[in-house]
Amino acid sequence: MNSKIISLYKNKLSEINKLSQTRKLVLTSRNNNSIVTRNEKTLISFSCNDYLGLSKNKEVVKASIRATKQYGSGSGASRLVSGNNPLYEKLEHLLATYKKSEGACVFGSGYLTNTGIIPALSSNKDILLYDELSHSSTNIGIKLSSAKSINFKHNDSNHVESLLKKYRQKYFHCFILTEGVFSMDGDRGKIKELAFLANKYNASIILDDAHGFGVLGNGRGSLHEYTPIPEILVQMGTLSKAIGSYGGFVTASKTIIRLLHNKARSLIYTTGLPPGSLAASIKSLEIIMSNSKITNKPYQYAKLFCKIAKLPTPESSIVSIIMHSEENAIKASKLFEKYGYYIGAIRPPTVPINTSRLRFTFSSAHKKKDIINLAEHAKNILKRLN
Ligand SMILES: Cc1ncc(COP(=O)(O)O)c(C=O)c1O
């Protein structure tokens with residue numbers, strides 16, 4: 001073993017530790033009703049993106065088992081070789097129908113979707129303007145693209161317009177990248193304003209709706225909160241959060257979907273999804289499509305929590321409380337644990353320095369009384385720490 005490189009890695013780890021930013025994998029068993037077992041403790045989790053509890057839905061699990069029995073546990077090859085299980089066709093048809101889009105394409109995960117679509121759709125003649133709080137997968141997609149890229153101040157359409165004025169003419173095409181719901185803050189992207197600018201400056205929007213799909217717009221996603229629906233070139237989403245399965249997807253025109261089949265490396269050079277995951281996604285979508293009311297509960301719970309805890313009205317089913325230092329966020333998380341709740345402490349580099357936070361996610365799998373009790377504890381814990 002090369003001891004020099006290992007001692008370099010040890011130094012890196014101790015630097016991370018000095019900053020209270022060490023991450024550890026904790027074994028977590030997810031039971032029903034958002035109950036988890038971690039470190040032998042049973043806690044109610046508010047740190048899970050299974051917004052509709054569908055990963056535990058009996059029909060969804062049954063569909064997944066059935067497909068695994070029929071097709072096997074893995075897909076055996078990439079989609080373009082022999083891994084394109086017939087269930088893909090059904091799933092993509094459902095996604096396109098639900099999202100009112102011409103076409104859809106399912107990827108291995110949301111992360112793989114963003115890292116594949118951004119380089120596939122842009123070239124070195126183009127410019128990408130992206131929100132400074134974009135998800136890691138978008139940042140990596142941008143790095144893999146040959147286009148020029150500039151970030152804009154979070155949700156600041158004036159900044160976007162000043163960049164468009166300065167740079168638009170110099171490039172063949174311009175893409176504006178934003179999110180329906182920002183994953184760490186829970187606020188919504190300024191889709192309407194950006195769509196207006198995209199139209200004015202002949203640019204196109206790529207929207208990451210990982211946290212809006214299944215929750216906002218009666219489940220159809222963030223865009224469906226607006227009338228008329230803003231024009232977006234490509235929407236991406238995930239099957240791993242509200243859908244309770246695994247995978248990612250885009251909805252777009254048929255031409256774009258065909259181009260992605262030919263150009264998106266994270267689709268072409270990776271194995272297709274396990275058939276059980278595809279079947280679970282199909283069943284979850286069928287459940288949502290036949291009863292859109294179930295999609296509204298996570299956001300209602302977030303609003304109830306904020307009302308009782310005397311926090312500002314949330315914009316989604318994600319609520320973040322900024323604790324500033326890493327130590328304070330960890331302390332708050334431990335206090336919640338004492339009262340029987342698991343709330344993750346989110347620290348840099350996931351979020352900017354001095355914005356360490358508690359991030360609560362609400363699910364229809366929670367019980368109303370859990371939300372009320374959690375909010376009462378939150379009031380006391382926050383008073384104690386501030
Ligand atoms: C905004 C955003 N985009 C993309 C992803 C990636 O999705 P997946 O978990 O399916 O890889 C996430 C996941 O956390 C996310 O929050």
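## A walk through a two-domain model

Helix 7 (residues 191-200) lies across strand 7 and strand 8 (204-208), running at about 155° to strand 8. Before going further, some ground rules. This is a predicted model, where local features need pLDDT of at least 70 and side-chain atom pairs count only at pLDDT 80 or more, while totals for chains, interfaces and linings use all residues. Residue numbers start from 1 along each chain as its sequence is written.

A few terms come up again and again. Helices (H or I, at least four residues) and strands (E, at least two) are DSSP runs, numbered from the N terminus. The angles run from 0 to 180 degrees between N-to-C directions, using lines fitted to C-alpha atoms, for helices over the stretch in contact. Contact between two residues puts their C-beta atoms, placed from the backbone, within 7 Å.

Back to the sheet that helix 7 lies across. Strands 7 and 8 belong to an open sheet of 7 strands with mixed pairing, in the order 4-10-9-8-7-5-6; two strands pair if DSSP finds at least two bridges between them. Strand 4 (103-107) and strand 6 (148-152) sit at the edges with a single partner strand each, so one side of each has no neighbour in the sheet. From one strand to the next, the twist averages 20°. For a closer look, take strand 5 (residues 127-131) and strand 7 (residues 174-179), which pair in the parallel sense over 4 bridges. Leu 129 has Ile 176 of strand 7 as its bridge partner. Helix 6 (residues 157-167) lies across strand 5, strand 6 and strand 7, and runs at about 150° to strand 6.

There's another open sheet to visit, with 3 strands in the order 11-14-13 and antiparallel pairing. Its edges are strand 11 (318-324) and strand 13 (345-346), each with a single partner strand, so one side of each is left without a neighbour in the sheet. Strand 13 pairs with strand 14 (residues 356-361) in the antiparallel sense over 2 bridges, and Ile 346 stands opposite Arg 357 in strand 14. Helix 12 (residues 326-338) packs on this sheet, touching strand 11, strand 13 and strand 14, with its direction at about 35° to that of strand 14.

Now the ligand. The shell around the ligand holds 14 residues, the closest being Gly 110, Tyr 111, Ser 183, Ala 210 and Thr 238; a residue counts as near if its C-beta atom, placed from the backbone, lies within 6 Å. Helix 4 (residues 110-121) gives the most to this shell, with 3 residues. By class, the shell has 2 nonpolar, 10 polar and 2 charged residues, where Ala, Val, Leu, Ile, Met, Phe, Trp, Tyr, Cys and Pro count as nonpolar, Asp, Glu, Lys and Arg as charged, and the others, Gly among them, as polar.

Stepping back, the protein divides into domain 1 (22-55 + 294-385) and domain 2 (58-290), with bounds from an automatic or database domain assignment. Their centres, taken over C-alpha atoms, are 26 Å apart. Where they meet, 21 residues of domain 1 are in contact with 20 residues of domain 2. On the domain 1 side, helix 11 (297-308) and strand 11 are the elements that give two or more residues, and strand 11 provides the largest share, 3 residues.

Overall, the protein has 13 helices and 14 strands. Its radius of gyration (taken over C-alpha atoms) is 21 Å, close to the 21 Å that the globule rule gives for 386 residues, so the protein is as compact as a globular protein of that length. That rule is 2.2 Å times the number of residues to the power 0.38.
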